Amino acid sequence: MTTSVEKQVNGTPVPAAEPRFDPRALAEAEAIRKRANAEAEALRIEAEGKAEAEKIKAAEEAEKQRLANERARMKLEKDQAAHDAYLAEKAEKAAKAKAAAEKAEKAAEEESEQEAAQEAEQRRSESLWKWGARSIYLVGLVIAAPVQFVAFWDRERPFLVAAPALLEGLALVLAAGAAWAVAHRRDVLPYRIGIMLGALLAAGINMWHGLKDPAIGINAGLIGAIASLGGPIVLMAYEHGIAQKADGIPSWREKRAADKAAEEKVAAEESARAEKAAAAQKAAADKKAAEERAEVEQKRRDEDRQTHHPNVWEVAEALRSARGSQFVTEQIWGDAWHLVHGTRKVGITAEIEADAKAAETRMKTATETPVFGPLSLLESQKGPRTKRDPNAPDGRRSNGGTPPLRRPGDTQPYTEAAKKQAALEQAPTAPKNAVRGDAN
């Protein structure tokens, strides 16, 4: 509402007209109020949005931190589990290694104990065999010597009493020589021959005296002969075993085991050789079959290419002949196709490439160009429009379509404050004295 302003006519104040309702000023004031409310509401909404955004951001940060902590915890648990598994595996390996070492040590101890027991048994048996052989020799000497003393005793020739010592001592001395030959790794055969000759001579003499001399008798002569032969033979057998051991000559049992092992090795080698020959034969057969299949496939490929691509085939044949190849390889065929059709893509010609480009263009046009008309999706969502009769009255007004007639004075004049406010709002920049002008 505006205040009444008095006018003066010839110095006499004249009351102004009654204040009238100013809708423009009221609309402007309402617009200013609404704008202020809108700005306040916008600021409130913005503040609430910022607060909500900060809250959401804080929640997101907290969730990120929680997930990071969870991932770190899981990684720590995983690392701890991996470390525990590593320690367990290491402990298991150490236990296995310790058990294997203990087992190997125990096996070595058992083997050494067995070897020691075997060596002790060998020493015991060798000692028993040595003293047994010597004892038998001494017993034979004790039996055969009296027989020979009785046979050679002669009061007229007492010197013949030394003959038994010569006959029996000959085998004994030669046995000692055989032992020396074994110890010094010399040839022991002459000593053994001498031992047998001496023993046979003593045994023959004992047997002859037993048959001819009734004082000795056949029994004493036979026993004396056996004693003269038995002692040297047993002693020579002992020395023979010692000699074989010293020379490293294998025994019959060792020879039999070595022969059996050699036979098994030969059988294994023969089996491996037979398997290798069978594998080589199978590989040769497979290779031959593959070559035959390749030849059949190459022949089919050549006939097909020669039938459907004769121009390319002529160029390929020329290239094959020039390169000295046995048949048209894929490389030669690719080069021939490039020379004829100008592309490295075998099977593609200029016509096929042009048709493919045209089809690609049509598909691009069909998928990217918008559709107008009755087939358009936009138009299909709208109902059909009815055509308006040009003689129909304008329905926008209730006056039959005639625009209202405006006359001067129908609109209330603007106040000075409203004019200034409109000028300020319409000006690109506000004047410096805008406030001072409003005050005036």
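Me: Is Asp286 buried, partly exposed or exposed?
Reply: In this predicted model, the relative accessibility of Asp286 comes to 41%. Partly exposed is the class between under 20% for buried and over 50% for exposed. Asp286 therefore counts as partly exposed.

Me: Which residue does the side chain of Asp286 meet in a salt bridge?
Reply: The pairing has an N to O distance of 3.1 Å, and the cut-off for a salt bridge is 4 Å. Both residues lie in helix 5 (residues 252–308), 4 residues apart, so about one helical turn separates them. The partner counts as exposed because its relative accessibility is 54%. The side chain that meets Asp286 is that of Lys282.

Me: What N to O distance goes with the salt bridge of Glu70 and Arg73?
Reply: Glu70 and Arg73 are both in helix 1, with 3 residues, or about one turn of the helix, between their positions. Glu70 counts as partly exposed at 29% relative accessibility, and Arg73 is likewise partly exposed at 38%. Their side chains meet with an N to O distance of 2.2 Å.

Me: Which residue pairs with Lys75 in a salt bridge?
Reply: Lys75 counts as exposed, as its relative accessibility is 52%. Its partner sits 4 residues away in helix 1, so about one helical turn separates the two. The N to O distance is 3.1 Å. The residue that pairs with Lys75 is Asp79.

Me: How many salt bridges does the count come to?
Reply: Side chains of opposite charge can pair when their charged atoms come close. Besides the pairs above, Glu297, Arg300, Arg301, Arg305 and Glu330 are linked in a network of salt bridges. With a cut-off of 4 Å between nitrogen and carboxyl oxygen, the count comes to 17.

Me: What charge does the surface patch that includes Glu102 carry?
Reply: Glu102 is found in helix 1 (residues 23–152). Patch members need over 30% relative accessible area and no salt bridge, and Glu102 has 45% relative accessibility, so it counts as partly exposed. Glu102 gathers with Glu105, Glu109, Glu110 and Glu113, and the charge of the patch is negative.

Me: What share of the residues of the protein chain counts as buried?
Reply: The protein chain has 11 helices and 2 strands. About 34400 Å² is exposed, with 60% of it supplied by carbon and sulfur atoms. Buried means under 20% relative accessible area. Of the 440 residues, the share that counts as buried is 15%.

How values were computed
Residues are numbered from 1 along each chain as its sequence is written. This is a predicted model: local features need pLDDT of at least 70, side-chain atom pairs count only at pLDDT 80 or more; totals for chains, interfaces and linings use all residues. Side-chain values use heavy atoms; hydrogens and water are left out. Patches are made of residues with over 30% relative accessible area and no salt bridge: like charges are joined within 9 Å, nonpolar side chains (Val, Leu, Ile, Met, Phe, Trp, Tyr) within 5 Å. Accessible areas come from the Shrake-Rupley method with a 1.4 Å probe; for residues, only the protein chains shown count as cover. Lys and Arg count as positive and Asp and Glu as negative; His and the chain ends are not counted. The place of a charge is taken as NZ of Lys, CZ of Arg, CG of Asp or CD of Glu. Buried means under 20% relative accessible area, exposed over 50%, partly exposed in between (1.4 Å probe, protein chains only).
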